[in-house]
Amino acid sequence: MQSFKPRETLSEQVARHLENMIAFEQLKSGDRIHESNMARELDVSHGAVREALLMLEKRHLVRNVPRKGAFVTTLDADFVSSLYEAMSVFLCHTGRKLVRQWEPADMERLESLYDSMCESYRNGQLMEFLDTGIEYTQASLAYANNYFITAAINDLWPSAKRCAFVALRQGNRVLEDNLNHMRESLDLLRARDEEGLVDNVDAYARKQCEQVLACLPESGGGPGAQGATG
């Protein structure tokens with residue numbers, strides 16, 4: 001019997017569309033998202049857009065400001081540093097559990113995803129590369145056994161994906177760094193080297209944070225940015 005797979009709701013589809021627009025900087029830091037214009041552009045109801053914006057606020061991509069509207073979260077040094085600090089804390093915690101408890105099938109799954117990412121890199125398939133990277137991390141959360149940590153990581157991933165696009169201004173070296181980190185982490189997992197894995201995850205988070213910060217303007221966001229953070 002085929003398992004039931006609920007279809008993505010309209011609001012989720014709108015949220016995914018806006019999420020990609022923000023990641024690709026079609027919507028930039030501080031930009032206001034006009035609900036009526038977006039509903040007309042996508043040919044959906046105002047309610048679907050409104051619900052999508054609430055989803056994106058939970059994912060830290062949008063700020064809904066009372067009586068002002070919805071604004072793209074400003075991507076500044078404080079936001080980026082806080083994001084990677086949080087990601088490091090959560091992923092180091094779950095990594096420890098994975099090191100202690102992984103089964104052979106888990107390593108096969110992670111190795112398969114790593115191979116898929118290598119292929120996406122060779123073929124220049126950027127979106128597939130990033131999406132597989134997210135899938136890799138989600139697979140590594142199998143032993144997290146903590147609803148709140150897993151939910152928090154999933155809510156942070158859209159911002160991490162957004163930052164990954166910013167870092168790519170430095171070229172393919174960022175993707176190569178990602179693959180090198182994954183290869184090292186897989187080897188450490190296989191060796192059940194808990195402290196080595198934690199050091200690896202923390203070091204990579206710091207490095208990627210520096211890559212993103214190097215690409216940010218010294219100041220920016222315009223009038224909309226102030227509205228997004230106020």
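Here a biologist and a modeller talk through a predicted model, its sheet and some of its helices.

Biologist: Let's start with the sheet. What makes β2 and β3 a pair?

Modeller: Two strands pair if at least two bridges turn up between them. β2 and β3 (residues 69-72) have four, and they run antiparallel. Val-62 stands opposite Val-72 in β3, and Arg-63 stands opposite Phe-71.

Biologist: And how do you know that β1 pairs with β3?

Modeller: The cut-off is at least two bridges, and two bridges join β1 to β3, again antiparallel. In this pairing Arg-32 stands opposite Phe-71 in β3.

Biologist: Why are β1 and β2 called edge strands?

Modeller: The order in this open sheet is β1-β3-β2. β1 (32-33) and β2 (62-65) each pair on one side only, and that makes them the edge strands.

Biologist: What is special about Arg-67 in the hairpin of β2 and β3?

Modeller: Its phi is positive, near 65°. The hairpin has three residues between the strands.

Biologist: Which helix packs on the sheet, and which strands does it touch?

Modeller: That's α3 (residues 46-58), touching β1, β2 and β3. Its direction makes about 120° with that of β2.

Biologist: Now the helix pair. Why are α5 and α8 called roughly antiparallel?

Modeller: Angles over 145 degrees count as roughly antiparallel. Helix α5 (residues 104-122) and helix α8 (residues 173-190) pack at about 165°, and therefore they get that name. Their axes are 11 Å apart, and α5 passes α8 in a left-handed crossing.

Biologist: Which residues of α5 and α8 meet?

Modeller: From α5, the list includes Met-107, Leu-110, Tyr-114, Met-117 and Tyr-121. Among those they meet in α8 are Leu-175, Leu-179, Met-182, Leu-186 and Leu-189.

Biologist: Does any general rule help in reading such a list, and what is it?

Modeller: An α-helix has 3.6 residues a turn, so residues three or four places apart point the same way.

Biologist: Last one, α9. How do you know that its span is close to what is expected?

Modeller: Helix α9 (residues 194-215) has 22 residues. The expected span is 1.5 Å times one less than the number of residues, which gives 32 Å here, and α9 reaches 32 Å from its first C-alpha to its last.

Biologist: And what makes the Asp-193 and Gly-196 pair at the start of α9 a polar contact?

Modeller: The cut-off is 3.5 Å between N or O atoms. A side-chain oxygen of Asp-193 comes to within 2.8 Å of the backbone nitrogen of Gly-196.

Key:
Residues numbered from 1 in each chain as written. Predicted model: local features only at pLDDT ≥ 70, side-chain atom pairs only at ≥ 80, totals over all residues. Heavy atoms only, no water. Contact = heavy atoms within 4.5 Å. Axes fitted to C-alpha atoms, helices over the stretch in contact; angles between N-to-C directions. Polar contact = N/O pair within 3.5 Å; in protein donor to acceptor, adjacent residues only side chain to side chain. Parallel < 35°, antiparallel > 145°, perpendicular 65-115°, else oblique. Left-handed = near helix turned anticlockwise from the far one by under 90°.
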